[in-house]
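Colleague: Got a minute to go through this model with me? I'd like to start with charges over rings, then move to the empty space.

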Amino acid sequence: MTDTTPDPETTDPRHAHREDGFPDQRQDQPGLTEQTRPEPDHGENTYAGHGRLEGRRALITGGDSGIGRAVAIAFAREGADVAIAHMPEEQDDAEDTLALVREAGRTGAGFAGDLRDEAFATGVVSDARSALGGLDVLVLNAGYQHDIEGFETLSTERMRRVFDTNLAGLLFTAREAYPDLEPGASIIVTASVQAFNPSPGLIDYAMTKAAQVAFVKALAEEAGPRGIRVNAVAPGPIWTPLIPATGWDAERLATFGADTPLGRAGQPAELAGAYVYLASTESSYTSGSVIAVTGGKAL
């Protein structure tokens, strides 16, 4: 008789991914995958699709690396065509992501630009629609954060970059896409545990994430009568290129994620399922919600 007892090494969430901290490293924003040690797990070798998004067409901002790449891989393997928006500096990462989308047999399209630029942030919507033949899912994932030593050191330039990337860019793209979305469409925002449990060193970032939650709740109320759902995923500490580009010291990287109940940082692959759920018909009665993927940290 075959033993079907689950293997604790693969089912225990404390040990599902890297349990140790991360080595000291520095990057400039926006951060690149090849410079991130160890390289994040985006589900390249593990995510298996089941046709849950067959025929859907998705635009993912910040889709070149980190959470965005994991979502792009999962969407493609679930049957969706995928367009991504990314910074010009992230071209290599974007090409790697699109190669994985195409390996899944789906259409992949990439558009380089800065979402702080209203013309790009709006134009990418029509570009994605043209490339994919329409748009059913909008994932507003692009983000920027930086560490500060104290509130008095918060620079105006960096603060404005945080606000313009995380709020203005999001609003530009969502506002452009919204009028032409059909019933059944899904808008998904990458919020953060920081919206609910803000860290002083990320005060401006946390403010934008709280504002994103307000955006989700308000737009879900307006969009519901049109048959459009609006939700958010709130990640906890997730190992992406953004982390070594945040400006944290060796001690902070060595303990990154250790304060969660599961005792470790998450990997981008561990968020993909939440986005697939929110993009699929399985979540047909879910709108105005924030799904926590935080390693046990409460919102």
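Modeller: Sure. A charge sits over a ring if NZ of Lys or CZ of Arg is within 6 Å of the ring centre and within 35 degrees of the ring normal. Keep in mind that this is a predicted model.

Colleague: OK. Which ring does the charged end of arginine 226 sit over?

Modeller: The ring of tyrosine 178. The charged end is 4.4 Å from the ring centre.

Colleague: And what about arginine 161?

Modeller: Its charged end sits over the ring of tyrosine 144. The distance to the ring centre is 4.2 Å there.

Colleague: How many aromatic pairs are there?

Modeller: The count is 4. Ring pairs join Phe22, Trp239, Trp248 and Phe256 into a cluster.

Colleague: Switching to voids. How many cavities of 30 Å³ or more turn up?

Modeller: The search of the whole structure finds 1. The largest cavity has a volume of about 50 Å³.

Colleague: Which residues line the largest cavity?

Modeller: Thr61, Leu115, Leu140, Ala142, Thr165, Gly169, Leu170 and Thr173. Helix H5, residues 156-177, supplies the largest share, with 4 residues. By class, the lining has 4 nonpolar, 4 polar and no charged residues.

Colleague: Tell me about threonine 61. Buried or exposed?

Modeller: Threonine 61 counts as buried because its relative accessible area is 3%, and the cut-off for buried is under 20%. Threonine 61 belongs to strand E1, residues 57-61.

Colleague: What does threonine 61 touch, beyond its neighbours within four places in sequence?

Modeller: Contacts are with Ala85, Leu115, Val139, Leu140, Asn141, Ala142 and Thr173.

Colleague: Now pockets. What volume does the largest pocket have?

Modeller: About 860 Å³. Its lining has 48 residues, and the closest to the centre are Gly143, Gln145, Tyr205, Thr240 and Leu242.

Colleague: Which elements give two or more residues to that lining?

Modeller: Helix H2 (66-77), strand E2 (81-86), H5 and helix H6 (203-223).

Colleague: And how does the lining of the largest pocket split by class?

Modeller: 19 nonpolar, 20 polar and 9 charged residues.

Colleague: What about the second largest pocket: how much space is in there?

Modeller: About 220 Å³. The second largest pocket is lined by 15 residues. Asp28, Gln29, Tyr144, Arg158 and Ala245 lie nearest its centre. The lining divides into 3 nonpolar, 6 polar and 6 charged residues.

Colleague: Tyr144 again, then.

Modeller: Yes. Tyrosine 144 is the ring under the charged end of arginine 161, and Tyr144 is among the residues nearest the centre of the second largest pocket.

Conventions. Residues numbered from 1 in each chain as written. Predicted model: local features only at pLDDT ≥ 70, side-chain atom pairs only at ≥ 80, totals over all residues. Heavy atoms only, no water. Buried < 20%, exposed > 50% of the residue type's maximum accessible area, 1.4 Å probe, protein only. Contact = heavy atoms within 4.5 Å. 1 Å grid on protein atoms, 1.4 Å probe; cavity = no way out; pocket = protein on both sides within 12 Å on 5 of 7 lines; lining within 4 Å. Points joined across faces, edges and corners; volume = space filled by probe spheres on them. Nonpolar A, V, L, I, M, F, W, Y, C, P; charged D, E, K, R; others polar. Phe/Tyr/Trp six-rings, centres within 6.5 Å; stacked < 30°, edge-to-face > 60°.
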